[in-house]
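Here is a friendly walk through one protein chain, to be read with the model open beside it. Please take a look at the structure, and then we will begin with a single residue and its surroundings.

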Amino acid sequence: MAELKEVLVPDIGGDEVQVIEVCVAVGDEIAAEDSILTVESDKATMDIPAPFAGTVAELKVAVGDTIAEGKLIAMLNAASAAAPVEAPQAAAPAPAAPVVEAPVAPAAGGTQIIEVAVPDIGDAENVDIIEVLVSVGETIEADTGLITLETDKATMEVPAPSAGVVKELKVTVGDKVSQGSLVLMLEVGSVAPAATEQVATAPVEAPQAAAPATNTVEVKEVAVPDIGDAADVDVIEVLVAVGDVLEVDTGLITLETDKATMEVPAPFAGKLVSLTVNVGDKVSQGSIIATVETTSTAAPVAQASAPAPVASAPAPVAPAKAAPVPHHPSAGSQPKTGTVHASPAVRRLAREFGADLTLVKGTGRKGRILKEDVQAFIKYELSRPKASAATAVAGGAGGLNVIAAPKVDFSKFGEVEEIPLSRIQKISGPNLHRNWVTIPHVTQFDEADITELEAFRKEQNTLAAKKKADYKITPLVFMMKAVAKALAEFPVFNSSLSADGESLIQKKYFHIGVAVDTPNGLMVPVVRDVDKKGIVELSRELMDISVRARDGKLKSADMQGSCFTISSLGGIGGTAFTPIVNYPDVAILGVSKSEMKPKWNGSDFEPKLMLPLSLSYDHRVIDGAMAARFSVTLSSILSDIRTLIL
């Protein structure tokens with residue numbers, strides 16, 4: 001039984017106040033002291049709590065209304081005191097329990113084969129399978145990774161919906177799949193025997209069925225799952241708190257790589273015992289982030305009121321869980337809703353720190369914003385890099401003290417349009433600024449005679465076209481080989497300054513970074529072991545990484561480990577420029593557009609194809625004389641490519 005009761009405004013000091021938030025909705029079940037409204041006077045903001053527990057039947061006010069003490073604000077269906085009297089009636093069918101529940105023990109040997117398909121992976125289609133994580137005959141647990149998919153934004157696993165044995169694989173590495181594509185056939189546990197068999201044996205087995213259930217409590221560790229090749233990934237948000245009761249796939253933390261933002265879900269249900277990470281920490285695959293207390297029941301307790309036909313129904317197969325699809329910043333930020341669920345104390349804290357509560361994700365009941373949510377939001381905003389020169393310089397590391405740039409309202413002078421920076425620009429901007437202000441740059445300008453190189457290159461491309469070869473040789477490939485040879489002759493260019501600035505890290509390998517212009521911004525994939533590869537092999541590899549860079553399919557590992565970087569603007573134009581050293585490299589080569597020039601050969605002028613070179617270097621490591629020698633050596637190698645084989 002329930003009783004409809006009125007909820008009136010309590011004593012609020014005699015003033016009229018304005019409703020700024022309605023914290024509940026019709027149909028909500030609320031407990032005593034749960035907030036119903038948030039009101040604001042000219043002196044304070046406060047919550048109006050529920051005087052008793054119940055279900056919201058009707059709301060009498062809305063946001064913007066003015067109320068005072070004694071005004072009717074809601075009608076609640078409150079549980080009556082007589083309700084407990086009905087409890088004995090619910091237990092009436094108890095005597096039938098031994099007959100219905102006697103055959104709880106499962107039948108031996110019964111199995112069921114289910115199909116496992118690709119779950120919801122957002123709007124991605126024809127996604128590449130880059131790894132198959134299981135094999136036929138393997139016994140797996142629920143949530144075990146089955147395959148790894150790679151989209152143009154992220155890498156993700158498809159988990160097993162339940163435990164079982166892999167009977168047949170329907171996909172292989174290199175296949176393309178979409179939502180609903182069949183992945184494998186999985187043999188899962190059996191269902192209970194038919195109800196008629198259970199009833200026949202019930203009198204014999206009844207004493208066993210009456211035994212109480214055995215609950216096993218176990219504390220399990222939760223680790224970061226496979227997140228591709230990313231390592232030392234920033235934790236930008238903690239979504240739960242110690243003591244929370246978790247469901248399977250409840251988001252625990254949010255990670256941010258240089259390509260995407262993604263959540264780490266709970267692999268099993270239970271109570272959160274501890275958190276081992278905080279916002280700002282860095283984690284990798286396998287890092288322990290939490291411990292969860294789980295409870296498993298060895299033998300379920302018989303339910304007296306359960307009807308007999310249920311015993312013969314097949315065990316339900318858990319639906320496939322959605323793989324974690326990370327939100328990519330290029331999809332745009334979520335719009336502000338204008339609705340904020342927070343207590344006055346939390347609102348006051350947000351005002352003190354200037355935090356916009358519409359941007360804060362609440363982790364409390366019904367999405368209510370807690371104090372910890374505001375603190376985590378503020379800490380994240382303070383810690384993440386800003387793509388602003390002013391914020392990076394003013395009071396920044398290294399003792400720099402530059403005044404902030406003035407704010408300008410450009411719309412006063414004419415029509416404007418605000419275009420957000422791409423994800424790559426937001427990341428590369430602060431890094432380039434750091435490199436420019438912390439590395440003492442000097443640029444050495446030179447030019448190389450590539451007349452014979454170009455003639456040889458065009459000749460080889462003509463032969464390759466006749467053979468219908470799958471490659472095309474570009475001038476950049478010869479530059480990479482020439483740089484690798486020059487680095488071998490001048491090892492100081494193939495080094496990095498140690499973190500303490502007291503020593504050089506000398507590299508014995510020759511990996512060359514190549515700047516690639518993409519629709520989303522500049523990217524620098526790395527070609528490894530250039531000294532060990534031929535012109536044709538490098539041409540194929542350079543073509544492959546350029547296509548993957550423009551398609552957004554590069555992994556973080558593809559852009560790490562460079563010794564030296566080449567930035568070529570030869571296909572666009574210009575005579576010279578000052579490239580910024582790509583830390584931790586100590587030098588970078590800028591290449592401009594080649595031009596035919598008259599050159600004196602001792603007796604007359606002859607036309608030569610000259611290639612402008614701009615060598616920027618870290619003056620802490622390399623002095624001017626060494627840079628000039630390196631530049632002259634590089635120019636001579638390009639002028640006579642026969643020296644590459646010496």
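## A leucine and its neighbours

Leucine 239 touches Gly251, Leu252, Ile253, Thr254, Glu263, Lys361 and Thr363, leaving aside residues up to four places away in sequence; a contact here means heavy atoms within 4.5 Å. You will find leucine 239 in the loop between strand 18 (233-238) and strand 19 (245-246). Helices (H or I, at least four residues) and strands (E, at least two) are DSSP runs, numbered from the N terminus.

Is leucine 239 buried or exposed? With 9% relative accessibility, leucine 239 counts as buried, where buried means under 20% relative accessible area, exposed over 50%, and partly exposed in between (1.4 Å probe, protein chains only). Its C-alpha atom is separated by 6.3 Å from that of threonine 363, although the two residues are 124 residues apart along the chain.

## How to read the model

This is a predicted model, in which local features need pLDDT of at least 70 and side-chain atom pairs count only at pLDDT 80 or more, while totals for chains, interfaces and linings use all residues. Residues are numbered from 1 along each chain as its sequence is written, and side-chain values use heavy atoms, with hydrogens and water left out.

## The chain as a whole

The protein chain contains eleven helices and 35 strands. Of its 646 residues, 36% count as buried. Among the contacts with a separation of 6 or more, 64% are between residues 24 or more positions apart.

About 35,000 Å² of the protein chain is exposed, and carbon and sulfur atoms supply 55% of that area. Accessible areas come from the Shrake-Rupley method with a 1.4 Å probe; for residues, only the protein chains shown count as cover.

## Two open sheets

Strands of a sheet pair through backbone hydrogen bonds, either parallel or antiparallel. Two strands are taken as paired if DSSP finds at least two bridges between them. One open sheet has four strands in the order 5-4-2-7, with antiparallel pairing. Its edge strands are strand 5 (45-49) and strand 7 (66-67), each of which pairs on one side only. Strand 2 (residues 17-22) is joined to strand 7 by two bridges in the antiparallel sense, and valine 17 has isoleucine 67 in strand 7 as its bridge partner.

Another open sheet of four strands follows the order 9-16-14-11, and its pairing is antiparallel. Strand 9 (111-117) and strand 11 (139-140) stand at the edges with a single partner strand each, so one side of each has no neighbour in the sheet. Strand 14 (residues 164-169) and strand 16 (residues 182-189) run antiparallel and are joined by four bridges. Look for glutamate 168, whose bridge partner in strand 16 is methionine 185.

## Salt bridges

How many salt bridges are there? The count comes to 17 salt bridges, each being a side-chain nitrogen of Lys or Arg within 4 Å of a carboxyl oxygen of Asp or Glu. One of them brings together the side chains of glutamate 447 and lysine 599, at 2.8 Å from N to O. This pair links distant parts of the chain, with glutamate 447 in strand 25 (residues 441-449) and lysine 599 in strand 34 (residues 595-600), 152 residues apart. Both residues are partly exposed: glutamate 447 has a relative accessible area of 23%, and lysine 599 has 28%. Salt bridges also link Glu447, Lys597 and Lys599 in a network.

Lysine 533 and glutamate 541 form a salt bridge through their side chains, with 2.7 Å from N to O. Here lysine 533 is buried at 16% relative accessibility, whereas glutamate 541 is partly exposed at 22%. Aspartate 558 and arginine 548 form another salt bridge, their closest N and O atoms being 3.0 Å apart. Aspartate 558 lies in the loop between helix 10 (535-550) and strand 32 (564-568) and arginine 548 in helix 10, so the pair ties together parts ten residues apart in sequence. Aspartate 558 is partly exposed at 21% relative accessibility, and arginine 548 is partly exposed at 24%.

## Cysteines

A disulfide is a covalent bond between the sulfur atoms of two cysteines. The structure holds zero disulfides, the criterion being a pair of cysteine sulfur atoms within 2.5 Å. Cysteine 23 is buried, with a relative accessible area of 12%, and cysteine 563 is buried as well, at 0%.
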